[in-house]
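Here's a walk through one chain, from its cysteines out to the overall fold. Keep the viewer open while you read.

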Amino acid sequence: MLENGILKIESMKNRCTPEEWQARVDLAACYRLVDIYGMSDMMANHVSCSVPGEEGAFLINAYGMMYEEMSASCLVKIDHDGQVLHQPDFGELKYGLNKPGFILHSAIHKARPEVACVIHTHTPAGMAVSSLACGLLPMNQTSMRFLKISYHDYMGVVLDMAEQDVLVRDLGSSEAMVLRNHGLLTCGRTVGEAFNWMHRLEL
């Protein structure tokens with residue numbers, strides 16, 4: 001709720017398991033790091049994290065909040081079908097879910113249960129590389145980490161659930177993927193691993 005123009009979110013710490021709380025803390029920290037490293041796109045991209053011990057559930061940002069605003073308690077918990085399992089009280093702001101974010105992240109979490117975290121960015125550098133026919137060139141030792149990077153052809157704004165199958169097929173077992181004419185995506189067994197992949201990819 002809003003108090004003097006400031007959004008106040010009730011703490012989730014005593015309303016979830018210790019494991020979920022730690023996942024929330026890690027994910028909120030990841031959002032802040034993505035912003036600090038200049039990889040955020042205001043509120044247009046997303047980072048998600050599976051909920052430990054709760055099969056089929058993951059945490060993602062509420063659409064409308066800036067990355068620098070993220071906290072452990074403001075994250076929305078949803079399942080693979082898009083059903084909201086828990087959403088904070090955002091008061092009159094009435095933040096909801098970003099449909100493309102749900103479609104993209106739920107597809108990967110459902111198909112790759114070993115993946116705990118998925119990061120998607122729209123940085124100028126990432127979008128530039130995604131627009132090149134040659135893709136990511138192994139021109140230095142950092143880019144050579146991604147010799148097995150995957151590619152997903154642009155199918156328009158991600159609003160069609162049918163794209164999930166194509167996206168998962170294109171990602172395969174990779175940790176990183178170029179969404180052509182769109183941006184970048186990484187995933188990892190932990191939030192830290194996914195962030196490390198994205199940080200290296202963005203370099």
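How many disulfides does a search of the whole structure find? The search comes back with 0 disulfides. Bear in mind that this is a predicted model.

**The cysteines**

Cys30 is in no disulfide, and the nearest cysteine sulfur to its own belongs to Cys117, 5.0 Å away. Why is there no bond between Cys117 and Cys30? The two sulfurs sit 5.0 Å apart, which is too far for a bond; a disulfide needs them within 2.5 Å. Cys117 is buried, at a relative accessible area of 0%, and Cys30 is buried too, at 3%.

Two other residues discussed further down also count as buried, so here are the four values together:

| Residue | Relative accessible area |
|---|---|
| Cys30 | 3% |
| Cys117 | 0% |
| Ala57 | 4% |
| Ser174 | 11% |

**Helix H2**

Next up is helix H2, which covers residues 99-111. Does its length come out as expected, or does it fall short? At 1.5 Å a residue, its 13 residues should span 18 Å, and the end C-alpha atoms are indeed 18 Å apart, so the two agree.

H2 is mostly covered, with 10 of its 13 residues buried. The buried stretch takes in Pro100, Gly101, Phe102, Ile103, Leu104, His105, Ser106, Ala107, Ile108 and His109. In an α-helix there are 3.6 residues a turn, so residues three or four places apart point the same way.

At the N-terminal end, Asn98 acts as the cap of H2. A side-chain oxygen of Asn98 lies 2.7 Å from the backbone nitrogen of Gly101.

**Ser174 and its polar contacts**

Where does Ser174 sit? Look in the loop between helix H4 (163-171) and strand E9 (176-179). Despite that loop position, Ser174 is buried, with a relative accessible area of 11%.

The side chain of Ser174 makes a polar contact of 2.6 Å with the side chain of Ser150. A polar atom of the Ser174 side chain also lies 3.0 Å from the backbone oxygen of Lys148. Setting aside neighbours within four places in sequence, Ser174 is in contact with Arg112, Lys148, Ile149, Ser150 and Cys187.

**Ala57**

Ala57 belongs to strand E4 (residues 57-60) and is buried, at 4% relative accessible area. Which residues does Ala57 touch, leaving aside those within four places in sequence? They are Ser50, Val51, Lys77, Ile78, Asp79 and Leu85. Arg169 is 112 residues from Ala57 along the chain, and their C-alpha atoms are separated by 21 Å.

**The whole chain**

Zooming out, the chain has 5 helices and 10 strands. Its radius of gyration is 16 Å, close to the 17 Å that the globule rule gives for 203 residues, so the chain is as compact as a globular protein of that length. Along its principal axes, the C-alpha trace spans about 50 × 35 × 30 Å.

Of the 203 residues, 47% count as buried. The accessible surface comes to about 10,100 Å², with 53% of that belonging to carbon and sulfur atoms. As for contacts between residues at least 6 apart in sequence, 62% join residues at least 24 apart.

Methods
Residues are numbered from 1 along each chain as its sequence is written. This is a predicted model: local features need pLDDT of at least 70, side-chain atom pairs count only at pLDDT 80 or more; totals for chains, interfaces and linings use all residues. Side-chain values use heavy atoms; hydrogens and water are left out. Buried means under 20% relative accessible area, exposed over 50%, partly exposed in between (1.4 Å probe, protein chains only). Helices (H or I, at least four residues) and strands (E, at least two) are DSSP runs, numbered from the N terminus. The expected span of a helix is 1.5 Å times one less than its number of residues. A polar contact is a pair of N or O atoms within 3.5 Å; within protein, one must be able to donate a hydrogen and the other to accept it, and residues adjacent in sequence count only if both atoms are side-chain atoms. The radius of gyration is taken over C-alpha atoms; the globule rule is 2.2 Å times the number of residues to the power 0.38. Contact means heavy atoms within 4.5 Å. Accessible areas come from the Shrake-Rupley method with a 1.4 Å probe; for residues, only the protein chains shown count as cover.
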